[in-house]
Amino acid sequence: MRRGAAERAKKAFGSGPRGRAENTTATSLLVTCTYKDSFIGCATAAKAIKLAMERLQVIRQSYIFTSESVSEGHPDKVADRISDEVVDAFLAADPYARVACETLVTTQRIVLAGEVRGPDGVIESLESKVRAAIKDIGYEQDGFHWKTADFACHLHAQSADIAMGVDATGNKDEGAGDQGIMFGYATNETPELMPATLQYSHNILRRLAEVRHSGERPELEPDAKSQVTLLYENGKPVRATSIVLSTQHKEGYSPADVHALVEPYIRSVLPDGFIDDQTAWHVNPTGNFVIGGPDGDAGLTGRKIIVDTYGGASPHGGGAFSGKDPTKVDRSAAYACRYLAKNVVAAGLADRCTIQISYAIGVAHPLSFYVDLHDTGHIDPAKLEAVLPELIGGATPRAIREHLSLNRPVYARTTAYGHFGRHPDAEGGFSWEKTDLVSELKGLA
């Protein structure tokens, strides 16, 4: 009877959820098991628990992983750019303006909709700013042209009910602009502390955009997508198993022509040795890609949230960034979580760090704050859970905005090639990429 019960206990522990088992040890557990009103030996149960915990410590170190990116001319990215041009226009006029702007782009048509609160005259100025943004991306095509596309704006005043919950009044601090969960992530597998698969996917498209804009490669058009698959050994990327690139181009070029054109640029942005004879290439695998951008597919704000963040290497709370002013925690709290996670990894406290935070609409203080170091840490995650929010004023929406100086017109630049893994700039853009907490965090270890 005891042997049978012990086997059942072993199976139960081996198949159960991990939970926080890493924070306990089998030798410190005292387990009493009953089976048909009989006790089995605690020593036998402890052995089963120890076995289960040893299995929990097994971390997969060799695997293949993929991330994708899209260019600034992808229809959804065109929509993101326009929505954040709206955010920047309002914040330039009033740092405390409120914006929630959605954009639709399709064949020769641009439509804005959403809620705003800000100075008079901003809405009237938007059309010229939107057209300038589309011109900057490079759309001068019959099916989508910056100068001739139809423009419609349906922005209106923010709901008074929402404003009441978010605004600071009397003894009430500024509340979160919505409920939700947000994540931040960092890994030391690239200098940018980003997942390599995503970083290289971004780098490919950024480089192709550079040579397109400069005139070096006039054959290329704005719409493009990339995808990089890497082999990881001992938890580190070692080679590219496949590269996918689909890029819009002018008439008259075959997939082979496009491949020959883009391959040198792709090779230049991946580490030496990552591309070898075994790397599979898929360049414009469907053939012709002349019709593209919003003329080929409609674009909407907020449909590339995995490209915007961590390429699938981290969880995502579901909320998009573009078109939202920094009172919306979908954006500001996600930036704060990245800022904290990046500083943890930069300080050498872990190889990887994921942070989750949650809010209720109208409530200032976060409801939860969770840190996962993925078994790579040199510090108790619970200690970080207590300390990190306090480093940014308790992680309230107001404290995050003030710590990262988010009430600035710095958002249009975030819309292509990722909101993370970028360099802080002189105008205050990408302030969440600073590593100015490293010294203080090192003192915690």
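**Figure 1. Surroundings of His-74 in the predicted model.** His-74 is buried, with a relative accessibility of 10%. The structure shown is a predicted model. In the chain, His-74 belongs to the loop that runs between strand 3 and helix 3 (75–93). A polar atom of the His-74 side chain is 3.1 Å from the backbone nitrogen of Asp-76. Leaving out residues up to four places away in sequence, the residues that His-74 touches are Pro-222, Asp-223, Ala-224, Lys-225 and Lys-304.

**Figure 2. Polar contacts of Asp-84 in helix 3.** Asp-84 is located in helix 3 and is buried, its relative accessibility being 0%. Its side chain makes a polar contact of 3.0 Å with the side chain of Ser-322. A polar contact of 2.8 Å joins the side chain of Asp-84 to that of Arg-331. Both partners also appear among the residues in contact with Asp-84 once neighbours within four places in sequence are set aside. The others in that list are Gly-323, Lys-324, Tyr-411, Ala-412, Thr-414 and Thr-415.

**Figure 3. Aromatic pairs, with Tyr-63 and Tyr-232 as a stacked example.** Searching the whole structure gives 10 aromatic pairs. In the pair formed by Tyr-63 and Tyr-232, the ring centres are 4.8 Å apart and the planes meet at 15 degrees, so the pair counts as stacked; the cut-off for stacking is under 30 degrees. Tyr-63 is in strand 3 (residues 63–70) and Tyr-232 is in strand 10 (residues 220–233), so this pair ties together parts that are 169 residues apart in sequence. The two residues fall into separate exposure classes: Tyr-63 is partly exposed, at a relative accessible area of 24%, whereas Tyr-232 is buried, at 2%.

**Figure 4. Edge-to-face pair of Tyr-139 and Phe-144.** The ring centres of Tyr-139 and Phe-144 are 5.5 Å apart and their planes are at 80 degrees, so the pair is edge-to-face. The cut-off for that class is over 60 degrees. Tyr-139 is buried, with 0% relative accessibility. Phe-144 is buried too, with a relative accessible area of 0%. Phe-144 is also one of the residues touched by Ile-110, which is shown in Figure 6.

**Figure 5. Aromatic cluster.** Ring pairs join Tyr-185, Tyr-310, Phe-321, Tyr-335, Phe-420, Phe-430 and Trp-432 into a cluster.

**Figure 6. Ile-110 and the largest nonpolar core.** The largest nonpolar core holds 74 residues, and Ile-110 and Leu-388 are the ones that touch the most other members. Helix 10 (residues 329–346) supplies the largest share of this core, 11 residues. Apart from residues up to four places away in sequence, Ile-110 touches residues including Ile-82, Leu-104, Val-105, Val-130, Ile-134, Phe-144 and Phe-151. Thr-103 and Asp-150 are also among the residues that Ile-110 touches. A second, separate core has 28 residues, among them Tyr-200, Val-258, Leu-261 and Val-262. In soluble globular proteins, nonpolar side chains tend to be buried together.

**Figure 7. Gly-287 in its loop.** Gly-287 is in the loop between strand 12 (280–283) and helix 8 (293–296). At 16% relative accessibility, this glycine is buried, the cut-off being under 20%. With residues up to four places away in sequence left out, Gly-287 touches His-249 and Pro-255. Val-258, which is listed in the second core, is 29 residues from Gly-287 in sequence, and their C-alpha atoms are 10.0 Å apart.

**Figure 8. The whole chain and its confidence.** The protein chain contains 13 helices and 15 strands. Of its 445 residues, 53% are buried. The accessible surface is about 19700 Å², and carbon and sulfur atoms account for 52% of that area. When contacts between residues at least 6 apart in sequence are considered, 72% join residues at least 24 apart. The average pLDDT of the chain is 89, and 84% of the residues score at least 70. Residues 1–40 have pLDDT below 50; this stretch has 41 contacts in the model beyond near neighbours in sequence.

Technical notes:
Residues numbered from 1 in each chain as written. Heavy atoms only, no water. Phe/Tyr/Trp six-rings, centres within 6.5 Å; stacked < 30°, edge-to-face > 60°. Helix = DSSP H or I, 4+ residues; strand = E, 2+ residues; numbered from the N terminus. Buried < 20%, exposed > 50% of the residue type's maximum accessible area, 1.4 Å probe, protein only. Polar contact = N/O pair within 3.5 Å; in protein donor to acceptor, adjacent residues only side chain to side chain. Contact = heavy atoms within 4.5 Å. Areas by Shrake-Rupley, 256 points an atom, 1.4 Å probe, with all protein chains shown as cover. Core = buried A, V, L, I, M, F, W, Y, C linked by side-chain atoms within 4.5 Å. pLDDT = per-residue confidence, 0-100.
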